[in-house]
Amino acid sequence: MSLYKIITIFFLKYFSPMKFRILLFSLLIYTTTAACKCSYTPTLESSFKSADFVFIGEIEGITEVPSGFKNSMNILSRVKIHKIYKSGYHEEFYKDTATLFASPIRSCDFAFTEKGKFLIFAYFEEDTGLLYSEHCLLQKRIDQLSPEELKELETLSTTYKKIPENSEFSANE
């Protein structure tokens, strides 16, 4: 007997059919709204255009901090910055190190939970001064980048630096 049938029999035995339908509907709504869904598959170019800050960095430390919810911890990842491809208006703020923030409460947040060197696409959170990344942005370990992708990244970086802030390719697209 499948798990689905066992659960259905249990709920029908202890709940009225109407209560069971309401419970099932509530669970379906929760699972569809709680998950992060990207409207596209992230690419190097789309991630570059969307992100406030693009860089190669090495995750040096990972710290879990309370989120305010009983069983949920936020992740702070300390990053040593090796090379900056795009920094927008954050040039003076992040030069050598940065802190990436991820919260399980925000379903799209991408948590850097292992040490290593990564290509990181991030947004700047003005209220906290922290960076955060999302599943809808491309994230790659540096050893998974092809020479073509590194060349494309250099081209995007050069093009971005030449384009005025209010253009179609700007950081605030």
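**Exercise 1. Find which residues Ser77 is in contact with, leaving aside its neighbours within four places in sequence.**

Solution.
- Start with the contacts in this predicted model. Leaving aside neighbours within four places in sequence, Ser77 touches Ile59, Gly61, Ile62, Ala98, Thr99, Leu100 and Phe112.
- Place the residue next. Ser77 belongs to strand 2, residues 73–86.
- Then follow the side chain. The side chain of Ser77 reaches the backbone oxygen of Phe112 at 2.7 Å.

**Exercise 2. Decide whether Ser77 is buried or exposed.**

Solution.
- Take the value: the relative accessibility of Ser77 is 1%.
- Apply the cut-off: buried means under 20%.
- Conclude: Ser77 is therefore buried.

**Exercise 3. Locate the disulfide and give its handedness.**

Solution.
- Count first. The structure holds 1 disulfide.
- Name the partners. Cys38 and Cys136 form it, with sulfur atoms 2.0 Å apart.
- Trace the chain. Cys38 sits in the loop between helix 2 (17–34) and helix 3 (44–50). Cys136 sits in the loop between strand 5 (130–132) and strand 6 (140–141). The two are 98 residues apart, so the pair links distant parts of the chain.
- Read the torsion. About the S-S bond of Cys38 and Cys136 it is about -100 degrees, so the disulfide is left-handed.
- Check burial. Cys38 is partly exposed at 30% relative accessible area, whereas Cys136 is buried at 10%.

**Exercise 4. Describe the largest nonpolar core, and name a residue of another core.**

Solution.
- Recall a general tendency: in soluble globular proteins, nonpolar side chains tend to be buried together.
- Size the core. The largest has 16 residues. Those with the most contacts inside it are Leu44, Phe48, Val54, Tyr85, Leu119, Phe121 and Leu153.
- Find the suppliers. Helix 3, strand 1 (53–66), strand 4 (116–125) and helix 4 (147–162) each give at least two residues to this core.
- Zoom in on Leu119. Beyond four places in sequence, its contacts include Leu44, Val54 and Leu153.
- Move to the other core. It lies apart from the largest one and has 14 residues, among them Phe55, Leu100, Phe112 and Ala122.

**Exercise 5. Find where pLDDT is lowest and highest among the elements.**

Solution.
- Begin with the whole protein. Mean pLDDT is 79, and 70% of residues reach 70 or more.
- Compare the elements. Helix 2 has the lowest mean, 48, and strand 6 the highest, 94.
- Look at the weak stretches. Over residues 24–34, pLDDT stays under 50, and the model has 2 contacts beyond four places in sequence for them. Over residues 169–173, pLDDT also stays under 50, with 17 such contacts.

How values were computed: Residues numbered from 1 in each chain as written. Predicted model: local features only at pLDDT ≥ 70, side-chain atom pairs only at ≥ 80, totals over all residues. Heavy atoms only, no water. Helix = DSSP H or I, 4+ residues; strand = E, 2+ residues; numbered from the N terminus. Buried < 20%, exposed > 50% of the residue type's maximum accessible area, 1.4 Å probe, protein only. Polar contact = N/O pair within 3.5 Å; in protein donor to acceptor, adjacent residues only side chain to side chain. Contact = heavy atoms within 4.5 Å. Disulfide = S-S within 2.5 Å. Core = buried A, V, L, I, M, F, W, Y, C linked by side-chain atoms within 4.5 Å. pLDDT = per-residue confidence, 0-100.
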